[in-house]
Amino acid sequence: MTHPDGAHDPYVRVRGAREHNLRGVDVDIPRDALVVFTGVSGSGKSSLAFGTLYAEAQRRYFESVAPYARRLIHQVGAPRVEEISGLPPAVALEQRRSAPTSRSSVGTVTTLSNSLRMLFSRAGTYPEGAARLDSDAFSPNTAAGACPECHGLGQVHRVTEESLVPDPSLSIREGAIAAWPGAWQGKNLRDILGALGHDLDRPWRELPRADRDWILFTDEQPVVTVHPVREAERIQRPYQGTYMSAKRYVLHTVADSKSANLRARAERHLVSAPCPVCDGRRLRAEALAVTFAGRDIAELAALPLGALAETLRPVCGGEGVAATLAADLVARVEVLTELGLGYLSMDRPTPTLSAGELQRLRLATQLRSGLFGVVYVLDEPSAGLHPADSAALLTVLDRLKAAGNSLFVVEHHLDVVRRADWVVDVGPRAGEHGGRVLHSGPVAGLADVPESATRRFLFPEAEGPAREARTPREPAGALRLRGVRRHNLRDLDVTVPLGVFTTVTGVSGSGKSTLVGQVLAETVAGHLAGEAQEHAEGLDAVHRIVTVDQKPIGRTPRSNLATYTGLFDAVRKVFAATDEARARGYTVGRFSFNVTAGRCEVCQGEGFVAVELLFLPGSYAPCEACRGARYNPETLEVAYRGANIAQVLDLTVDAAVDFLADVPAAVRSLRTLQDVGLGYLRLGQPATELSGGEAQRIKLATELQRTRRGHTLYVLDEPTTGLHPADTELLLRQLHGLVDAGNTVVVVEHDMAVAAGSDHVIDLGPGGGDEGGRVVAAGTPEHVAAAAGSVTARYLREALPS
């Protein structure tokens, strides 16, 4: 597009955008600039950046692919917008979690593992007389490289006597073999053992070793005649019973059972251990015999990226293949260390990464791609990033821009917003109360927009007097962990006060999530389950633990907000109680999209059908039969207050509060969802469309509905991820309310406003990886803000009320 004077138009111009809650948005956005989209959660900023701009760029790209693929892609639909001009090709970096597979790692996501394998193949030191190996032979994900024993996983899963029989003081009849199934199947196996002549009433530990081994581990399956013990009310005839050892039962259940509950129960009796053949290094012996810089490839892949770069750096100054490959590896690693990811190792499994870490890995990969003239659309690249690392993130964004690209960033981090060339503020509120562009222009101009929820956080001096400091609560006791050793935590002693709000801070990789999400949570849960915890004190004061994580509430469109919270049960009862439903004989089950009677049979009640594309990622497309409604036409004929069940599921939480005001069970659920800032979500919003932060708040809202008994410890990992500062205030009000009710809240957090408002702060560090894992400071926010040697102190000081 050109201006009338013939000059090139430097703007992307959007006209009539109506995606999701956008209300006919017209906006002009400059190219070759860092543009930040702000607004409260659900205001429509992602609908504009991802749902409109990126979706349209993607649609235009797919116009160029083969007709067969294009025909399928069209089912996904174009964004609802009248016109977009000046839009370059786009690359999206969203906070989507990868599939939870242990074969995906930092090395595979960044393709660093490809370069390292090539280095070993071409420039490694081989044993005398050994043949040179292809690069595939150094990958645990190929048949040529994977250890034959563990198939490249590095772990083997086995059963032991201890895992199958946790209490050897019990007899077989008393249930010594805990791995066996319950009810009649377990009794059947006991009766068979009795028929085989084994003592069922003698304590397990007193049975002969040979008998114990046979009972637990034999592969034999003898068939014997069983004469059941007679019961007064039942006639039981002899039958032929086949014996199955405890080991065989567990392995068979894990491998073949279609019941998730049975598989989970069986998995509790498996013991994971490093593979005895490769010693956990995942590769064949011939690959591990090759070295570079005195180490095999598994050793280099296990090093933190910062240490890997230092190991390879001396080679970079030379000539030849080794120097070229090593220099390329070091250059790519340096980008990752710039982004605060130097503590990660190449062999770190992808499922253990936070969404923010994963997105920054992809961002670093793009920086090396050499693309020019594209729009990068990013979803909160600062998520999970310590304030000390935000400067490096901004440097990387500047480098992408300097390379001739445009950056459209959805972001809540105020440091990133302040550095933007242009800000698009969407609001003023969420859902149907948002969807308008309040400001599009330089950041300073936002100060003149009183409607903006972002304004008062970006320009606090314009909002009147500063807030007052709150008085910290006094602890009601303490949990003490002694000699903690896990990952980079080494002999750590830490005290967690009870009855207060505690924030655990520290740079990325310092050990926060390990300490709170793993050690603390597992220790308390183990104690509550009756397991001895030798390295902990004060556990008796806690009666319950609730861990609220960011894992998805479901992995398919069938799982949604209403089903997870239990709200849908109340809605279905309301529809079943209508006169029309009663006249037709419809019960509550009729209004479930999981039941054959009421659901659309084309999509099986999902509202979507899976679209598989050759050479392209699969996706979900709306069902053509029900148009996404999930139900058959007959079910949709039943209405409550003028709306059918599908239309109610399409309501936002805010709208449903009024619509279902006379349904107390529904209102309670809806109010708690509003209290945690989720009023903009639709009741039927599929789990696949929810961010990690939204999933976490849905879980918190579900927990808030429950009647609480006894002292509860609430553990949350970065609960403000994806939240606008205004939404963070809402969330903190709920969390502090839990503490006021006599409970304990412990959060891992990078948001200094959260730390400044807490009663107690535990700062880990001083660095990440091997340079972290220690308590640098602990105490009130004011005490930690004054601590020498704390990277967090300076940023916490700035967040404290003056």
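Trainee: What is the strand order in the open sheet of three strands?

Mentor: The order is β15-β14-β17, and the pairing is antiparallel. The model is a predicted one, in which local features need pLDDT of at least 70 and side-chain atom pairs count only at pLDDT 80 or more, while totals for chains, interfaces and linings use all residues. Residues are numbered from 1 along each chain as its sequence is written, and side-chain values use heavy atoms, with hydrogens and water left out.

Trainee: What makes β15 and β17 edge strands?

Mentor: Each of them, β15 (489-497) and β17 (536-537), pairs on one side only. Strands here are DSSP E runs of at least two residues, and helices are H or I runs of at least four, numbered from the N terminus.

Trainee: How do you know that β14 and β15 pair?

Mentor: Pairing requires that DSSP find at least two bridges between two strands. Strand β14 (residues 478-486) shares six bridges with β15, in the antiparallel sense, so the criterion is met. Within this pair, L481 has V494 of β15 as its bridge partner.

Trainee: Why is T635 called buried?

Mentor: Buried means under 20% relative accessible area, exposed means over 50%, and partly exposed lies in between (1.4 Å probe, protein chains only). T635 has 0% relative accessibility, so it counts as buried. This residue belongs to helix α22 (residues 633-636).

Trainee: Which residues are in contact with T635, its neighbours within four places in sequence aside?

Mentor: Contact means heavy atoms within 4.5 Å. With those neighbours set aside, T635 touches R590, F591, A597, G598 and I645.

Trainee: Why is strand β22 described as largely enclosed by the rest of the structure?

Mentor: Strand β22 spans residues 744-748, and five of the five are buried, so the description follows. T744, V746 and V748 point one way, whereas V745 and V747 point the other. In a regular strand the side chains alternate between the two faces of the sheet.

Trainee: Which strand runs parallel to β22 over four bridges, and which over five?

Mentor: Strand β16 (residues 501-505) pairs with β22 in the parallel sense over four bridges, and β21 (residues 712-717) is joined to β22 by five, also parallel. V748 of β22 is the bridge partner of V504 and stands opposite D717.

Trainee: What makes β11 largely enclosed?

Mentor: Five of the five residues of β11 (residues 406-410) are buried, so the rest of the structure largely encloses this strand. S406, F408 and V410 point one way, with L407 and V409 pointing the other. Strand β3 (residues 34-38) runs parallel to β11 over four bridges, with V35 opposite F408. Strand β10 (residues 375-379) is parallel to β11 over five bridges, with D379 opposite V410.

Trainee: How many helices and strands does the protein chain have?

Mentor: The chain has 30 helices and 24 strands.

Trainee: Why is the protein chain called as compact as a globular protein of its length?

Mentor: The radius of gyration is taken over C-alpha atoms, and the globule rule is 2.2 Å times the number of residues to the power 0.38. For 802 residues the rule gives 28 Å and the chain has 30 Å, which is close, so the chain is as compact as a globular protein of that length. Of these 802 residues, 52% count as buried.
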